[in-house]
Every structure is written in C-alpha cells, then in structure tokens.
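Reader: Hello! I am new to this structure and would love a close look at one part of it. Could you take me through the place where the two chains meet, and then show me whatever else helps me find my way?

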Amino acid sequence: MQNVKQINYSMKKYFRHSILLLLTAYFFGCGKPGPTELVNDIPNDEAPLQIEVLAKNPDDALYKGAYDSTGLLNQMPQAETFLFISKNVVSEKFLSIEYNVAQVLFFDRDKPFHLPDGKDFGFLMKRVIPPKINSVRTKEVNHSIQHGRGPSVKDTVLGPKYMLSRTGNFGDSLFLTYNTQVKFEFRKEMMSPPIEFTVKMPEQIIGKVTVTQNSNGEKILLLEWNKGTNDSVEIIIGGKIKNEKTATAFFKLHVNDNGQVKISPKLMKAIPKDRFDRLVFSFVRKAITRRVEQSLEFFTVIQNTHSIIIDYP
Amino acid sequence: MNKDFIFSTESNPTNFSSVKDLAIGVLFGAEFAPQIASNLYALGIAKTIGRSNFFLRYSPGFFKEFSLQKNQSIVGNDSSDISLKTDLKYQEYFSAGYSYKISEKLSGGFTLNYFNEEFSQDAIGAVFSDSSLTLIRENETETMKLWKVQVGTDYLFTPSLRLSISASNFLNMKNGSLSETNKAFELRTPKNLRIAIYSEPYPQVEMNFLYETKKAVQVCVGKTFSFDKSSFSLDANYFSDFSLTGIQPSATFRYGNICASLSGVLYFSKIQRTASLTDLTSSGISNLVNNKYSSNKAMINLSYLINTSQEKLVQFVDVVVPTSLFPTFTERFVDEPFAVARVVNLSDKPVSVKPSSKIDKINSELIYSPNVVVQPKDTASIPFYTIVSEQYFSSRHEISFANFYVTSENREADDEVQKPLLINSSNAWDGEVSNLRYFVKKDFDFSAATAKGLLAKHKIEFDTVTASLLNFLQAKILFAEIITGMLYIADPLASNDRVQFPHETIDVKGGDCDDLSVCLASFYESIGIETAFVDYKTNEQSRHVHLLFNTNLSPAEAGLITQNDKKYYIRKNSLGEEKIWIPLETTERSNFANAWEKGVEKFSNEALDQLGLAKGTVQIIEIY
C-alpha cells in the first residue's frame, strides 16, 4: 500500500513538472524571426514591370472606340491644352501600314463633362485659331466619343479639335521623322504674338511578339523590341473584337526600355478567346512634357508606336 | 548526453541514447537578428523500452523563410501599387528516431526528419467579365514533402570511448513536384557519411570529434563538475563546413531529474542579412537552423528525466560472509561487521552508497550500515552490520539466507545479493572464551532476581560482617547456593560447541567448566561483583576456563580473608586502585573454600609459575 502511495505521489510530481514545462513553452514561444530578404541579382531574370487596366469595362463603347491603334485613349490630361503627335506603324502578318497623326485639343476648364453614370470624363473643347504643326495649318474637326453598352450606345461631341493625319501616301502633309524636331505654332488671337516651340520625335520602336512555352508547358508571350535610350516604354495589350474593326485596350504595361518582357500565361488566359480572336500589342516609345507659354499650359505627348496584331495563340 | 537529447536528430543521427527510461524536454531559442525574436524551438520525448529507444520531436521553431520583392506591380483600381513577391518557406515539422541495443557494446538506429517546403510565387492575373476587367495578384504555391533518412551504428570500445558511423540522404523520400523555377530553391540533401568519436580521456572530461564527407568538421570539449546531487558542465563545440564557421558554448546544470542548459551559437563567418538569389539558387541550404543566413542565437533547453526504471550506479563485486553465525554474540555484531562486500561505482560521479542487509529468521526488517562514498569507477569495501534481538532464541542450527543491498540515490536498491548462512543454535559457542561474556549477559534478569532471592536468606550474616567483606561474603554464599551440589556434565556435542545459559544450568543442576563459570559469573555480575574468565590454552585438545572475581578488598585488607598471600591476585581497577581478586575453580563443586583452593592451585601453577600469563597460554578475560 505504501508503494502504491509513493508511485502516485511520484506521478503527480512528474505531471506537475510536465505541465510547468508546457506552460513555459506556451508563454515564451512567441515572436518568430522574419524572413531573410532575397535580392534578385540574376541578370535579365524578370524585367521590372508595372501593369494597369485600361478598359475597366471592356464592353463599354467608351473603351471599344478609344483604342484606334494610335495609342490615343480617352483619358484626357489635366491641362488646358493637349498636343498629341504620333508616328505609327501597324503590322498584321506580312503587312505593315504607316500613318501619322497630330492633334491639338483646347479644353474649356469652365465646362466639365460627365458620363451618364456620373463619372468625370474631362472638359468640353473650345474653338481657337487653328494651330500649325511643322508649318501646316491643322484642320478643325469634331471630337466625339462613344459610351454606353449595347443598344444604349451614345455618340457625344465634346467640341472641336485640330488635327492632321496621313496614312501611307494619302492625307495631310504631315511628315514625321524619327529623332527630329516637330514645330508647333499657335496664336491665341489674330494679333497676339505667336506661341512657338518644338518637340523631338523619339527614336523608332520596332516590336516583335513570339509565342513560347514555360517549364510547365504553358504558352507565354515574349514581347521584344529594340532597346532605346528612354527609361521606359509602354506596351498596350488589346483585343480585336470578332466581326468588328475596333479594338479594345485591356492593359498598359510600363517596362524598362531594355528590350524584352514576358507576359504571364495567367494574364493571357484571362482574355476570353471566344470574344477576341486577335490580340493587339502596341509598343510605344514616347516623350511627355509640360510647358506654360503665354500663361497657357501645354501637355505634350510625342511618340512613335509599333502595333502588332496576331491571332489569339 | 541527456542534456541535448532534444537535438538528437542533428547531433545523434543513430539515435544512440543514454535515456534510461523516459525524458521530455523543451527548447527555446532567441535569434539576434536586427529584431530579436524568441520562440519555441522544439518539444521532444524519448522513451526506452527494453533494448529499444524511441524518440519523437515536434519542432515548430526549426524553419527558415526567404522573401523576394519582385520588380513587378499592379496598379489597382484606386491607383494603388500592389507589389508582387516570392516567398520561400522551409519547415521541419517533426522528427523521429529509433535505436536498438544489439549488445552492451553495439547498437544501431536511424532517424527520420519530416520537412515541408513551400514556394509561393505571386503572378499577375486578370478577371475578365462582361462588365469589368480587373487585374489581380494570383499566388501560385508549390509544396514538396521530404523525409530525410539517417541510419548508422555505434560501437562502445570502452565506456569512455564510442565510435559512431552514419549515412544520411541515401534513402530519402519525396512527395510533390516542383516547377523548374522552384526546383532551384529545393532543400539540398547531399549524400553524406559521418564519423564521430565520443571520448572521455580523463574522468568527467569529454572530447568529441566529428567528420562528414560533405566537408564538415566538429570538435567538442567539455568538463563536468559533480556535486552531491547535482552536476555542472561546460562545453564548447566548434563547427565548420568551410563556408560557415562558429562555436557553440553551453553550460548545463543538472539537479536530480531536471536538467537545464543554456547555450549559444556564435558564428565567426559574416552573417548575411540579405540573401543573393544567385547564391541561393546555386548553393541552396541544407540545414534550417545553421546556415549562412542564420543569426547568432541563444537557446535554453529544459529536460526532465523520469526514471521509473532506475539507473544502476553501484554493483556488488563479491560479498564475504562467515560460514556460520552465532546469534548469542549480539553486541559483537554491533561492533564488528558480520560480512564485508566489495562494491564498484559504475557511474562518472562519486556515489554515496547506503548498505543494508536482512537475515532471514533473524531480522524482521532491513538493517542499515553506515554510508560509504565510492569514487567514480572505483571499488570499495563496505562492511555490513546486523542486529540480533535479545529475545531471539533457537535451540537448533538452521540454514538461512542473508540478503545484501546497496542503494545509491535511487529509491530502490541498485544491486542485491543473497548468500546462504548457517545460523547456529542460541547455545552455540565458537570456543573463544572471550565470547562467553555474551552467555553471561543473556540471563542477567534471571540471574539478578535469583541472586537477590538467595542472598536475602542470609541477611543476618550481611548485617554482622564488615562492609569491605560484603563482596567476598556474597560470592561465597552464592557459590554455596548455586554451585555446591551441582553435577559436572560434559557437553552433549563437542565440548567447545555449546554453552548453557545460566537458567539452563540451574534447571539441569550441572554443566561443564564453561557452563558453571558462565552461570556463576552471571550471578556475580548481576549483583555488581566484577568477574573475569581465566582461559587456559595450554592444551589444544581440551581448554579449560575458570573464574576470577573481585573481592573489592584492598591489598591491605587481604588479611580479612586469608593470611596466605598466594591465594589472591592483585589487579588494578579502572581508577588505578589495587584490588584483591580470587580465582575460583567452578568445577570444584564441594564448597567455596575448595573451589578457591583449586583455583589458586591452577592459577599459581599455570599462570604464574609456568609464566602462562607472560607466554599467553593463560589469559584473563574481563566480562566487561
């Protein structure tokens, strides 16, 4: 009987010590070391990349009509004047077409424009003395946008804009050359001194789209271009809607101007093949400047683009 | 070795175990990264069953994580920038070990470590619907489960020299698949052979050396200081794989079953706060706790050893017991050990041994003898004492067993031995006259009562005699009352083997010389008359004994009893006073005077004239 009592006492003692150990473990076991920071020092492993959505609502006519291969999108800059000059090449299979466009928009900051859903879009345009691009007087045309979906698509004229355009050997006398200066002239009033300045057309960008596979056998798109001296280039990914000539811009990629970027399979797979039978990749090398001339704020974009249209891989 | 059992699978791939029964332990760690973090490293349990040892460890603190911020980001709907990243997580969830002791020198075992590797890569994805297009951060996670197997054997050349050989990563098992990208991050498991020598070149000094074919070495030096119930040890472990070098000092305190260890890891190599992706993909990591991205750390290890089957610290070498035991010699057992054992200390520390014994039919419980401290690995002689009850009596010889126990710090005896033993009858005597005293004392109560009764009848004589003659008169009366008229009866067995107790001599009204001397001495001593035996050893075949008693008269008073100065013997008492002693030949039963005369005659002749006292053939033996 005495032995049984001794064993019981011992077991209780061991049990108490065990509980003490476990409680100690519980109370002191907090806070674990953080991860060790890995530094990517592998050259050409992954290009720096920033991606944003352009067509937040792809079915909205606002986005369908906005991407016309010029790279001009509906989002307007927050400036009184927007000067946009673009030298473009569009390639599809074995054909390439070149067209140049230049347009100037003067915003009436007293007349904001809201989309039917209440969102701010920008400002209505105002009429001015047509400016000159490379000494060629621009033409006044209406700047209109489409918005809405399906049967409720609406056309809205925002006002006049001033433009020149040339496709191949046809159109206005707008001759743009890579790495050369483009002259802009404008008078606020007939008798006022002219506003003159030049902007330099960036070096040419030539893109290439290759379909390859990753180690898991998934299709990836390798986008390559000729390296330039710019810090970055933009690549706009869009889709051609079946049976329609218009394209929708989905994403804009900001990448270092180092000549290469891979598009992840997940991103490509997200674009529904049943709705977009062709994809458009626009390589954009641009120069953006802001300037104030005679109290007038100019937002200037001068760019050259190379758009490549491929069948959905 | 118990102190680091929780690190068993790292430091002990063969699961060689010194855990006697059950051990549980908990390990905390603090890492001195830019932000100090402490957490529970591991909980472990080890159990020995027979020759098998089992080990299980849960290790939530054995992990390593890396994080890579990619140069890629998503611009959200609210224009916020959402960065993409890659996370690499390595975790050892638990490990298990098993070993089997094939013989006292050879054992074999294996350990298993279960790892989970998780690599998650952020990727850009998009959700395309009729009404919206949204970019999302998608996470692609791949996992790999790994069972790392280590197997090996240990050989004990001596208790202080062990060789351990093991192989690892030859039989690993994996479950999962990784992309080419993530394969580069996979935990490295190079095939490896490991040779380790564990030695104790000097007592309580430990020196270990370890070499691995994957080019890693370890050298460990330690010293243990042992105290009564505790020990304290200091160790230093130098390790190097030629890219990562460091030292692990530790201090361990053990008290009873509890062991606490404080250790640290100090790296000599420059600690890398950030990791190069090129380096990680080319070299990888193979150890989650010690790698070139580890920070200096401190650890506390608490172990608790439960020994329901205790450790044997001491063991009998032999036990020397007498061929027989004389139970009447009670006081002799208190002064002299009845058996002597040689005991060896098997441990590495001094052990205080508590000896105990129990003789069947003699002792009803364990009789403890004084503790003896035995030095480590040393052998010592340990005396065993016993106690025989005054009430014990047996008229015949009996075969019995003596059980001997040695107990150290354990609750139960470390070792026990049983030896057969002949217990003589209570009347047995070994022939040594000095041992007759035990028979004298045995019946003191009887003798005192009887003597007083007999003397009471002679009260008138005592009232008229001179006080100094009181002893003499009492002796004379008692002789007349007891011895006169008795028969001389030889022993029924051998003459030297048996002595009657006084009451038996009275009962049978006779006895031989030692019976009668014992009987008379008992009566005399019971009333305060000092006595001594005279042992005549002149004849080996038949020795003789008679009595001397102290008259308590001074030499000047000798004339009160005799004018013949040859009829008494002068001896000094403990105070240095000379007293007259008279020899009595107890076998001369006719009367006191004749017995005195015969005693004087024999004593004068053999003890004095023949120089027996000087030669040692005659010896006077005090009762007290």
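Author: Happy to. Two residues are in contact if their C-beta atoms, placed from the backbone, lie within 7 Å. Please keep in mind that this is a predicted model. The predictor gives the complex an ipTM of 0.72, along with a pTM of 0.62.

Let us begin with the meeting of the chains. On one side are 42 residues of chain A, in contact with 48 residues of chain B. Several elements of chain A each supply at least two residues of the side that touches chain B: helix 1 (2-28), strand 1 (36-39), strand 2 (49-53) and helix 3 (265-270). The largest share, seven residues, comes from helix 1 of chain A. By kind, the residues of the side of chain A that touches chain B divide into 21 nonpolar, 13 polar and eight charged.

Now zoom in on strand 1 of chain A. This strand runs parallel to strand 4 (residues 63-75) of chain B, and three bridges join the two. A good spot to look for is Glu37(A), which stands opposite Ser67(B) in strand 4 of chain B.

It helps to see the chain around this strand. Chain A holds three helices and 19 strands. Of its 313 residues, 32% are buried. Among the contacts in chain A with a separation of 6 or more, 62% are between residues 24 or more positions apart.

From here, cross over to chain B. Its average pLDDT is 87, and 95% of the residues score at least 70. A nice element to explore there is helix 6 of chain B, which covers residues 444-456. This helix has 13 residues and reaches 18 Å from its first C-alpha to its last, close to the 18 Å expected at 1.5 Å a residue.

Which residues of helix 6 of chain B are buried? They are Ser447(B), Thr450(B) and Ala451(B). These residues lie on the same side of helix 6 of chain B, because they cover an arc of only 100° around the axis. Turn to the other side of helix 6 of chain B and you find exposed residues: Asp445(B), Ala449(B), Lys452(B), Gly453(B) and Ala456(B).

And what covers the buried residues of helix 6 of chain B? The cover includes three helices of chain B, namely helix 8 (470-483), helix 9 (502-508) and helix 10 (513-526).

Key
Residues are numbered from 1 along each chain as its sequence is written. Chains are lettered from A and ligands numbered from 1 in the order in which they are written. This is a predicted model: local features need pLDDT of at least 70, side-chain atom pairs count only at pLDDT 80 or more; totals for chains, interfaces and linings use all residues. Helices (H or I, at least four residues) and strands (E, at least two) are DSSP runs, numbered from the N terminus. The expected span of a helix is 1.5 Å times one less than its number of residues. A residue is buried if 20 or more other C-beta atoms lie within 10 Å of its own, exposed if 12 or fewer, and partly exposed in between; C-beta atoms are placed from the backbone. The arc is that of the directions from the helix axis to the C-beta atoms. Ala, Val, Leu, Ile, Met, Phe, Trp, Tyr, Cys and Pro count as nonpolar, Asp, Glu, Lys and Arg as charged, and the others, Gly among them, as polar. Two strands pair if DSSP finds at least two bridges between them. pLDDT is the predictor's confidence in each residue, from 0 to 100.
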